[in-house]
Each structure stands twice: as structure tokens, then as C-alpha cells.
Amino acid sequence: MKMEHHLKSCTRNKNKMSTIKFISIFLFTLFLVVILFHIQYSSPFDFSLSARSQRQIFLSQENYSVVIESMTAKLKDSVTFLPLKDLRFRETATTGHTWFMSSLNDTHKENEAEHLYFPSKASKGRLLCFKGRDTKDGTKNTYALAWRESLPDSAVLLEGLTFVSDTYFDHTNLWHGLCAVAPFVRWSTKNECLKPTRWVLFHWGELRLKMGSWIQQLMQANFGEVKLEGFDRGDVPYCFEKAVVMRHEISKMGQENKLKMFDLLRCKARSYCGINPAGKGREINERGVSIIRLTLLMRRGSRTFKNATIVTDIFAKECARVEGCILHVVQSEDLSFCDQVKVLTNTDIVASPVGAQLTNMLFMDRESSVMQFYPKGWLEYAGSGQYAYHWMANQSGMKHQGAWWDPIGEECPSPQDQWQCFSFHKDGMVGHNETHFAEWARRVIDQVRLIKMEQASADQANKHDSKTCLC
């Protein structure tokens, strides 16, 4: 019985193994059939599809190139040049909407100068382009925006950073020129001290090919060589890789930022001219008395003193009254740029008739004093512009110690016409009032003497000085 049971069990196991083997062979055979079927039928089909796809891709790329070329051509044709000077805004050119590049709105960050930057998000990534180089009519010069990939035909791409300045006044006068270019100095300090590759200057949209020597050297002290772009490579569009446009001067800049800007201008000019002001605030004579340097900054031609000798004697007498006071009388026209920097660096009090030479006050240390003199008629007819150097004194950290308006002189023949009367008086001579000048000079010299006495330490005396400039 046991033997029989064992034989039956072996038979069942053998049958089971045979079944498993059969199933394995069947599945393997089926797999081979599928592979052979795929090789025979699918491979030619796939190859045929791949070839057709390649032809379609080639045709698509060809069509794509044609479409791109067509779109680029259309973008080039759609670039519209507008007049740089928009006469619709001639009445508000200085007080409201500017007439220079009137279709574009400025970027204005709090307490910073208004400006335009290209390319930017505001310009949708487009570059600024100019066409025309007229020096007499700003409406004949034009501007446009264009993407770099679709610049107008024949356009010249000017690489690097370009500073574009438009002013209602000019770039040659010290004061007006400074107001026009100074915002670029502040912008640079806020943007990693970037320096321009070139400058483009406009006045009322009219191209200007010259910057005043004083202004140019001041900018050279800050940025290195000043290159003025004249668009002299033909009557074609000129597009800028990067551009900063200033057209509102420093009107919206905050007071603290103006002080920082003038500090940098002062520092750079002194460094450029090899002047080290260290210790100037602690100068003493052989008796240990603080030195006070008073400078009479004279000018020739219009707005000079009628009798410069008497005025000099008045100030000399008051200066001699205070131990340590030293009077210098200098003629501004005889001084080079660096001479002016040196003279004003070594000045505690500057007294001068109204005029561009007073712009040199920026080279004095902060808290230095300014005294002004005006011809007859300025108080009545000059308007707010007569206070320009009062504003500059405040903006650059100086103390404006008042002004004297000459009450004596010819009367305007047409007193009802303010502008005609200002033109009549503008370039008049300045008289003097010995009593007033003496009392005024005495008061200012005494104030400076007290300040000098209160400067207790080197750090306090040079609290606004810096061994190295910001940029």
C-alpha cells in the first residue's frame, strides 16, 4: 500500500512539472512571435513616420525663419520717430510737462532726481534711439524706442552706457551746467558707481557739441575722460545699448542726497587737482590763533564793483581787526579749474558779486560762509532766479550770510515790463555802502572765529571730510 501511494504521488508531481514546462515554453514562443512581428511590421512603419516627421520639421523650421524675418521687418518698419522738442508743451517746459521726449514718463524714486533709463521694464526692454543732429531746431531731431533685435535699418548701435542731458539753459555756464549734469553723479553712486562711455547734450532738443571747460573738468574728475557724441557717422539712427536721460536737473532730489552729491563733487575735484584738505579746519598761526581765510572773488565785465579798491579796503580793514584773519583778492577769470578748487578749498568766507563764479563755493568745506552783492534793479525785477546761489549754498552745506542789493543807479525806462527792466539792469555795476559792508563783514568774521574756537578736535573739525571719495 505504501509503495502504491508513493508511485501515485510521483506521477502527480511529474505531471505538474510537465505542465509548468509547457506553459513556460508557450510563453517564450509567444514572446518571440511578438518580437518578430514587431520587427517585420513595425520597424518599416516607424522608419517611414520618422522620415515624414523630419521633412515636416524641416519645413516648419523654414517657415519659422520666414515668419521671424517677416516679423522683424515689420517691427523695424513700425519704429516711429517723434520730435525731441514737443511744441505743445512750450509753456510748461520748465514748470510742468517737459517738452523733451514728451511721450515718456520719468522714473522717480523718493528724494532722487527724476530720470529715464533704457532698456528697462518701463520701456518694455526697448533701446533709446536718436536721429538728427540739428543745433538750431529741436523739432528736427527725433527719438524712438526699438528692440535690439529689430533696430531701424542702417542704425548705429553705440555700446556701453550713455548719459543724455537736456537743459532749458546751457552746459557752458558754471551754475546752469552744474545743475544739468550733477544728477548723473548722484545716479552713479546709487548704481555701483557706473561711468559713462559717452555724453549726449541737448538744449531745447537742439544738439550741443560742447561742454563748458569748468563743467567738463568737474565731470572728468568724477568719471574720467568726457567724450561728447556728435552723431557724425551719417544721417542715420543712433541707438544706445544703455542710456540714462536727465531732463529735470535736481529739482526733486532730497536735501540730504544733495548734500551727499555735493560732498562727492567736492571730494573728487580736490583729488583730481591733488589737493589734500586734511587739517585745514585746525590751521593756527604762530600764536596758536585759528586762521580765518576771507576771499574776495572778483569778476570782470558785467556785475563788477564800481570801485573794487574801496570794497577791498573795507574788507581788509575788518579782516585786520581779527587776529588770524587773512584776506585774499582773486580774479576768477585768471584762475584755472584747479586754481579755483585750491582757492575755495582754502576759503572760510567768500564774498562776491552775483555771477557764475560763485558756483565755486561747492569746493569749500561745509559750514563755510557766502556773501553776495547785486546791482541796482535785481531785487525788483530778477524774480526767483536771483536766489540761485542762496539755494546752492543750502544744497551744498554752506551758510548763506545774506546779500546786498545796490539801491542806487539808473531807473528802468519801462517799469511796467518786468523782463525788459531785468534786461536793462542785469549786467549793471555794483556800488558799495561802507558802513553796511563793514558791519556785515565784522559780523560774519566774528561768527567764523567763534566756530573755529569751538572746533575742539580733529574729528570734529573735519567731520565732513573723507580720506577717500565714495566712488
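A salt bridge here is a side-chain nitrogen of Lys or Arg lying within 4 Å of a carboxyl oxygen of Asp or Glu. Asp 263 and Arg 366 pass that test comfortably enough to open with: their closest N and O atoms sit 2.4 Å apart in this predicted model. The two come from distant parts of the chain, 103 residues apart, with Asp 263 in helix α4 and Arg 366 in the loop between β11 (349-353) and β12 (369-374). Buried means under 20% relative accessible area, so Asp 263, at 18%, counts as buried. Arg 366 also has a relative accessible area of 18%, and therefore is buried too.

That pair is part of a longer list, as a search of the whole structure turns up 23 salt bridges. Glu 114 and Lys 252 make another of them, at 3.7 Å from N to O. Here the link spans 138 residues, from the loop between β1 (82-83) and β2 (116-118), which holds Glu 114, to the loop between β8 (238-246) and α4, which holds Lys 252. Glu 114 counts as buried because its relative accessibility is 14%, whereas Lys 252, at 42%, counts as partly exposed.

Strand β8 itself takes part in a further link: its Glu 241 is tied to Arg 148, in the loop between β4 (142-146) and β5 (156-167), and the partners are 93 residues apart. The side chains of Arg 148 and Glu 241 meet at 3.6 Å, N to O. Both ends of this bridge are partly exposed, Arg 148 at 41% relative accessibility and Glu 241 at 23%. Elsewhere, salt bridges with shared partners join Glu 318, Arg 321, Arg 442, Asp 446 and Arg 449 into one network.

Turning to the open spaces, the largest pocket holds about 1300 Å³. Its lining runs to 40 residues, and those closest to the centre are Phe 169, Trp 175, His 176, Gly 385 and Trp 391. Which elements supply at least two residues each to this lining? They are β5, α2, α7, α8 (388-395) and α9 (418-425), with α8 giving the most, at four residues. Sorted by class, the pocket lining has 17 nonpolar, 16 polar and seven charged residues.

Trp 391, one of the residues closest to the pocket centre, turns up again on the surface, where Leu 379, Tyr 387 and Trp 391 make a nonpolar patch of about 280 Å². Leu 379 belongs to helix α7 (residues 378-381). With 44% relative accessibility, Leu 379 is partly exposed, and so it clears the 30% cut-off for joining a patch.

Enclosed space is a shorter story: the count comes to one cavity of 30 Å³ or more. The largest cavity has about 60 Å³ of space. Its lining is made up of Val 185, Ser 188, Thr 189, Cys 193, Lys 195, Asn 222, Phe 223, Leu 264, Lys 268 and Cys 471. Two or more of these residues come from each of α2 (174-189), α3 (213-223) and α4 (255-272), and α2 gives the most, with three. The cavity lining has five nonpolar, three polar and two charged residues. Helix α2 therefore has a part in both spaces, as a contributor of two or more residues to the cavity lining and of at least two to the lining of the largest pocket.

Methods. Residues numbered from 1 in each chain as written. Predicted model: local features only at pLDDT ≥ 70, side-chain atom pairs only at ≥ 80, totals over all residues. Heavy atoms only, no water. 1 Å grid on protein atoms, 1.4 Å probe; cavity = no way out; pocket = protein on both sides within 12 Å on 5 of 7 lines; lining within 4 Å. Points joined across faces, edges and corners; volume = space filled by probe spheres on them. Nonpolar A, V, L, I, M, F, W, Y, C, P; charged D, E, K, R; others polar. Patch = residues over 30% accessible without salt bridge, like charges linked within 9 Å, V, L, I, M, F, W, Y side chains within 5 Å. Areas by Shrake-Rupley, 256 points an atom, 1.4 Å probe, with all protein chains shown as cover. Buried < 20%, exposed > 50% of the residue type's maximum accessible area, 1.4 Å probe, protein only.
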